[in-house]
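Welcome! Here is a short guided tour of a protein model, written for someone meeting structures for the first time. Keep the picture open while you read.

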Amino acid sequence: MEIKLVSDALASAGLGVPTLNALVPNAANYRVLLMQPHGEIEGSAAGVRNRDSVLAQRQFGRFLDDARETHADLVVTPEYSMPWAVLVGAIKDGIVPAQGKLWVLGCESIIYSELESLKQDLAPFATVLCETLQPDPQRFTDPLAYVFVAPPIEGAGATRIVVLVQFKTHPMGDDNHFEINGLQRGAHVYQFGGDGASLKLVS
């Protein structure tokens, strides 16, 4: 596992570092919105997802609406929970965090090559960043998606919605060795807040 600064990942895409409300070291309150979804998950060789996709799409779609409408500064969902179809649809529909907000979304598993295709699909709407992995159709990733607004690196021009994907770096222990046998691991853990920052955030 290697800690990587978010600022370095953004610089490679020509983007600057956002000022996140939850990481400003002052006495002001910030609002957090957390989700504990209702339903069951299922796992197979293809990965982990919600068993009832219709229920999941309804729940998580409404949750992202709430995140936007309540102006929550930090928005969090559990591991393996957010359907990619919901997140992609929300971004295309303009349901995205405002400047200074951070969405930390544990997403359903995805094969790395599928994420590469998703990156192209979202290109007109958002910049999707992640570490480079070797495509392996036999293994799935456990992705965490940070969604936020980033300014251009030079300070002029349009801001950009960013989806920064962090892959799980270590498998869980279970009797069936589910993740040990099926998980494609990442090596990078992204840190918001540089070396001089008094507040930092990692997952």
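## A strand in the middle

Let us begin with strand E6 (residues 102–107): six of its six residues are buried, so E6 is largely enclosed by the rest of the structure. Buried means under 20% relative accessible area, exposed means over 50%, and partly exposed lies in between (1.4 Å probe, protein chains only). Helices (H or I, at least four residues) and strands (E, at least two) are DSSP runs, numbered from the N terminus.

In a regular strand the side chains alternate between the two faces of the sheet. In E6 both faces are covered. Leu102, Val104 and Gly106 are buried on one side, and Trp103, Leu105 and Cys107 are buried on the other.

## About the model

This is a predicted model, in which local features need pLDDT of at least 70 and side-chain atom pairs count only at pLDDT 80 or more, while totals for chains, interfaces and linings use all residues. Residues are numbered from 1 along each chain as its sequence is written, and side-chain values use heavy atoms, with hydrogens and water left out.

## The neighbours of E6

Which strand pairs with E6 in the parallel sense? Strand E5 (residues 74–82) does, over five bridges. Two strands count as paired if DSSP finds at least two bridges between them. One place to look is Val75, whose bridge partner in E6 is Trp103. From E5 the chain crosses through helix H3 (residues 84–92) to E6, and this β-α-β crossover is right-handed. That label applies if, with the strands pointing away from the viewer, the path from the first strand over the helix to the second runs clockwise.

E6 also pairs with strand E8 (residues 143–150), here in the antiparallel sense and over four bridges. Try finding Gly106, which stands opposite Leu144 in E8.

## A hairpin

For another antiparallel pair, turn to E3 and E4, which are joined by four bridges. These two strands form a hairpin with two residues between them. Within the hairpin, Glu42 has Arg49 in E4 as its bridge partner.

## Aromatic rings

How many aromatic pairs does a search of the whole structure find? The count is four. Rings of Phe, Tyr and Trp (its six-membered ring) pair if their centres lie within 6.5 Å; planes under 30 degrees apart count as stacked, over 60 as edge-to-face and the rest as tilted. Tyr146 and Phe192 make an edge-to-face pair, with 4.9 Å from centre to centre and 75 degrees between the planes. Tyr146 lies in strand E8 and Phe192 in the segment after strand E10 (188–191), so their pair ties together parts that are 46 residues apart in sequence.

Both Tyr146 and Phe192 are buried. Ring pairs link them with Phe148 into a cluster. Another residue to find is Tyr190, which sits in strand E10 and is buried, with a relative accessible area of 5%.

## Salt bridges

Now for the charged side chains. A salt bridge is a side-chain nitrogen of Lys or Arg within 4 Å of a carboxyl oxygen of Asp or Glu, and by this rule the count comes to 13. One of them joins Arg51 and Glu40 at 2.8 Å, N to O. This pair links distant parts of the chain, 11 residues apart: Arg51 is in the loop between strand E4 (47–50) and helix H2 (53–69), and Glu40 is in the loop between strand E2 (32–34) and strand E3 (41–44). Arg51 is partly exposed, at 48% relative accessible area.

Glu79 and Lys168 form another salt bridge, their closest N and O atoms being 2.9 Å apart. Since Glu79 lies in strand E5 and Lys168 in the loop between strand E9 (160–167) and helix H5 (178–182), the pair ties together parts that are 89 residues apart in sequence. Glu79 is partly exposed, with a relative accessible area of 43%. In helix H4 (residues 112–122), Lys119 and Glu116 lie three residues apart, about one turn of the helix, and their side chains meet in a salt bridge of 3.2 Å, N to O. Finally, Arg62, Asp65, Asp66 and Glu69 are linked in a network of salt bridges.
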